[in-house]
Amino acid sequence: LGVSGERLSTRDARRLEPALAPSIRGALWIPDDHQVDNRLLVHALVAACARSRRVSVVPDSATAIRAGGGACEVDTSSGSVVAADAIVLCTGAWSVPVTVDGDDVALPVRPVKGQILRLQGVGSAVMPTRTVRGMEVYVIPRPHGEIVVGATSEELGYDTRVTAGGVQSLLDRAWE
């Protein structure tokens, strides 16, 4: 992916990140790896759009999208129609019907359930200082003391409920 990495021994990995378990067998240090706080990103995006003269933020939900002949229209939940030169569609499996040049477009997406934990670190705990990615988990420290733990992936359709098993699995993997 064009990102450099360096293999580390267990000792070197734990020296770089003391929160790693002594049972690790090694690590890959990827100094250019990044992550984004999705909540802050959405707030920043909405603020940037609000400042733009060329972007409209519509507080309604889209119910249908039509594109063709260089123009786009979005039907909204309030019954209004919004015309646009371009539309950014980023709703994934929850996407509304899309029609391009009169033909319905089937988007190649499906719902995959993921669970995520947002924990608040305490001063007495040993917490990671950088993103740690394991085989089936990631642990991300945030500057404000929050620790994000995630990586569940389940083929359960549109079920968005948090499960005790998913939470337990994330906690177990993060602890390991």
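What pattern does the chain follow when read along the sequence? In this predicted model, the order is β-α-β-α-β-β-β-β-β-β-β-β-β-α. The secondary structure comprises three helices and eleven strands.

The overall dimensions were examined next. The radius of gyration of the chain is 21 Å, whereas a compact globule of 176 residues would have one near 16 Å. Along the principal axes, the C-alpha atoms fill a box of roughly 60 × 35 × 35 Å. Of the 176 residues, 20% are buried. The accessible surface amounts to about 12800 Å². Carbon and sulfur atoms account for 56% of that surface. Contacts were also sorted by sequence separation. Among those between residues at least 6 apart, 50% join residues at least 24 apart.

Within the interior, the largest nonpolar core has six residues. Its members are Leu117, Val137, Val139, Ile147, Val149 and Leu170. Leu117 was examined for its contacts beyond four places in sequence. Leu117 touches Ile147, Val149 and Leu170, each of which belongs to this core. Leu117 also touches Val148, Val167 and Leu171.

Charged side chains were then considered. The count of salt bridges is twelve. One of them pairs Arg130 with Glu17, with an N to O distance of 3.7 Å. Arg130 lies in the loop between strand E8 (116-120) and strand E9 (132-133). Glu17 sits in the loop between helix H1 (10-16) and strand E2 (27-29). The two positions are 113 residues apart in sequence, so the pair ties together distant stretches of the chain. The partners differ in exposure: Arg130 is partly exposed, at 27% relative accessibility, whereas Glu17 is buried, at 4%.

A second salt bridge joins Asp33 and Arg133. The closest N and O atoms of this pair are 2.8 Å apart. Here too, distant parts of the chain are linked, with the two positions 100 residues apart. Asp33 belongs to the loop between E2 and helix H2 (38-51), and Arg133 to strand E9. Both partners are partly exposed: the relative accessibility is 34% for Asp33 and 47% for Arg133.

A third salt bridge connects Asp37 with Arg142, at 3.4 Å from N to O. Asp37 lies in the loop between E2 and H2. Arg142 lies in the loop between strand E10 (138-141) and strand E11 (146-150). These residues are 105 apart in sequence. Asp37 and Arg142 are both buried. The pair is also part of a wider arrangement. Asp37, Arg118, Arg142 and Glu146 are linked in a network of salt bridges.

At the surface, a nonpolar patch is formed by Ile87, Leu89, Val100, Val105, Leu107 and Val109. Together, these residues offer about 410 Å² of accessible area. Ile87 is located in the loop between strand E5 (81-84) and strand E6 (98-100). With a relative accessible area of 30%, Ile87 is classed as partly exposed, because that class runs between the cut-offs of 20% for buried and 50% for exposed.

Technical notes
Residues numbered from 1 in each chain as written. Predicted model: local features only at pLDDT ≥ 70, side-chain atom pairs only at ≥ 80, totals over all residues. Heavy atoms only, no water. Salt bridge = Lys/Arg side-chain N within 4 Å of Asp/Glu carboxyl O. Helix = DSSP H or I, 4+ residues; strand = E, 2+ residues; numbered from the N terminus. Buried < 20%, exposed > 50% of the residue type's maximum accessible area, 1.4 Å probe, protein only. Patch = residues over 30% accessible without salt bridge, like charges linked within 9 Å, V, L, I, M, F, W, Y side chains within 5 Å. Areas by Shrake-Rupley, 256 points an atom, 1.4 Å probe, with all protein chains shown as cover. Rg over C-alpha atoms; globule rule 2.2 N^0.38 Å. Contact = heavy atoms within 4.5 Å. Core = buried A, V, L, I, M, F, W, Y, C linked by side-chain atoms within 4.5 Å.
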